[in-house]
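Reader: I should like a close look at a single part of this structure, followed by an account of how that part sits within the whole. Please take one loop and proceed outward from there.

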Amino acid sequence: MAGNTSEKSAKAAAERKPTLLAGGNPQIAKADGDAPVQAYIAAMPGWKSDVGRRLDAIIVRTVPGVHKAVKWNSPFYGIEGQGWFLSFHVFTRYVKVTFFRGTSLRPVPPGESKHKEVRYLDVYEDQLDEAQFAAWVKQASQLPGERL
C-alpha cells in the first residue's frame, strides 16, 4: 500500500505544471538534454510557447546535433565541448533571445547589452523573421561558444 501511495505522489509531481516566475518565465530544474528544453517550451504561457517551438525548430534544423540544456530557467543551445551560442528567456510582453557572441554576427542583432559581445533579439507575437533568425543561428554556432 505504501508503495502505491509514493507512486501516486511521483506521478502527481510529474504532472504538475511548472511554476511561472516573474514575467511568466517557467521554472524548470537545471538539466542537460532535449527533455528539459521541451518542458520549458511547453510551460511558456500563451503565444510564447509557439514562439519557443519555432525558435527550437529553427535551431535544430540549422545546427544538426545541437546540444541543449536548461540553466537559470532558460533553454541554452550550444556545440558539445565548445560552449553555448544562444539562449532565450520569457518576459511579460516578449521572448528575449541572447546571442552570446552577437557583436560578431552580421547584421548585428538590434538589442544592446551591458556585456561587450552579447546582443539580444526581442521576439513579440507574430514578429519573428525566421530567415534572419536562422542566419544568425548559423553564424553564432560557428563562433567560439560561451563556457557557463
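Author: Trp 72 is exposed, because its relative accessible area is 57%, above the 50% cut-off for that class. The model is a predicted one, and every value given here is computed from it. Trp 72 belongs to the loop between β2 and β3. Its backbone also deserves attention: phi is positive, at about 50°, although the residue is not a glycine. Most residues other than glycine have a negative phi.

The same loop, between β2 (67-71) and β3 (74-79), also holds Asn 73. Is Asn 73 buried or exposed? Asn 73 counts as buried, because its relative accessibility is 19% and the cut-off for burial is under 20%. The side chain of Asn 73 reaches the backbone nitrogen of Ile 28 at a distance of 3.0 Å. Once neighbours within four places in sequence are set aside, the contacts of Asn 73 are with Leu 21, Asn 25, Pro 26, Gln 27, Ile 28, Tyr 40 and His 89. Ile 28 thus appears both as the partner of that side chain and in the list of contacts.

Two of these contacts lead to other elements. Tyr 40, a contact of Asn 73, is one of the buried residues of helix α2 (residues 34-43). The others in that helix are Pro 36, Val 37, Ile 41 and Ala 43. An α-helix has 3.6 residues a turn, so residues three or four places apart point the same way. The cover over the buried residues of α2 includes β1 (31-32), α3 (47-62), β2, β3 and β4. The strands on either side of the loop, β2 and β3, are therefore among the elements that cover α2, where cover rests on contact, that is, heavy atoms within 4.5 Å.

The second contact, His 89, falls within the span of β4 (83-90). This strand also takes part in the largest pocket, whose volume is about 230 Å³. Thirteen residues line that pocket, and Ser 87, Thr 98, Phe 100, Val 118 and Tyr 120 are the closest to its centre. Both β4 and β5 (95-99) supply at least two lining residues each, and the largest share, 3 residues, comes from β4. By character, the lining divides into 7 nonpolar, 4 polar and 2 charged residues.

Two other loops hold backbone features of note. Asp 126, in the loop between β6 and α4 (130-141), has a positive phi of about 60° without being a glycine. Asp 126 counts as exposed, at 68% relative accessibility. In the loop between β5 and β6 (119-123) lies Pro 107, and the peptide bond from Arg 106 to Pro 107 is cis, with omega near -15°. Most peptide bonds are trans.

For the setting as a whole, the chain has 4 helices and 6 strands, which follow one another along the sequence as α-β-α-α-β-β-β-β-β-α. Of its 148 residues, 42% are buried. Among contacts with a separation of 6 or more, 54% join residues 24 or more positions apart. The accessible surface comes to about 8300 Å², with 53% of it belonging to carbon and sulfur atoms. Within this setting, the loop between β2 and β3 places the exposed Trp 72 beside Asn 73, which counts as buried.

Key. Residues are numbered from 1 along each chain as its sequence is written. This is a predicted model: local features need pLDDT of at least 70, side-chain atom pairs count only at pLDDT 80 or more; totals for chains, interfaces and linings use all residues. Side-chain values use heavy atoms; hydrogens and water are left out. Buried means under 20% relative accessible area, exposed over 50%, partly exposed in between (1.4 Å probe, protein chains only). A polar contact is a pair of N or O atoms within 3.5 Å; within protein, one must be able to donate a hydrogen and the other to accept it, and residues adjacent in sequence count only if both atoms are side-chain atoms. On a 1 Å grid over the protein atoms alone, a cavity is a set of points where a 1.4 Å probe fits but cannot get out, and a pocket is an open set with protein on both sides within 12 Å along at least five of seven lines; lining residues have an atom within 4 Å of a point. Grid points are joined across faces, edges and corners, and a volume is the space filled by probe spheres set on the points. Ala, Val, Leu, Ile, Met, Phe, Trp, Tyr, Cys and Pro count as nonpolar, Asp, Glu, Lys and Arg as charged, and the others, Gly among them, as polar. Accessible areas come from the Shrake-Rupley method with a 1.4 Å probe; for residues, only the protein chains shown count as cover.
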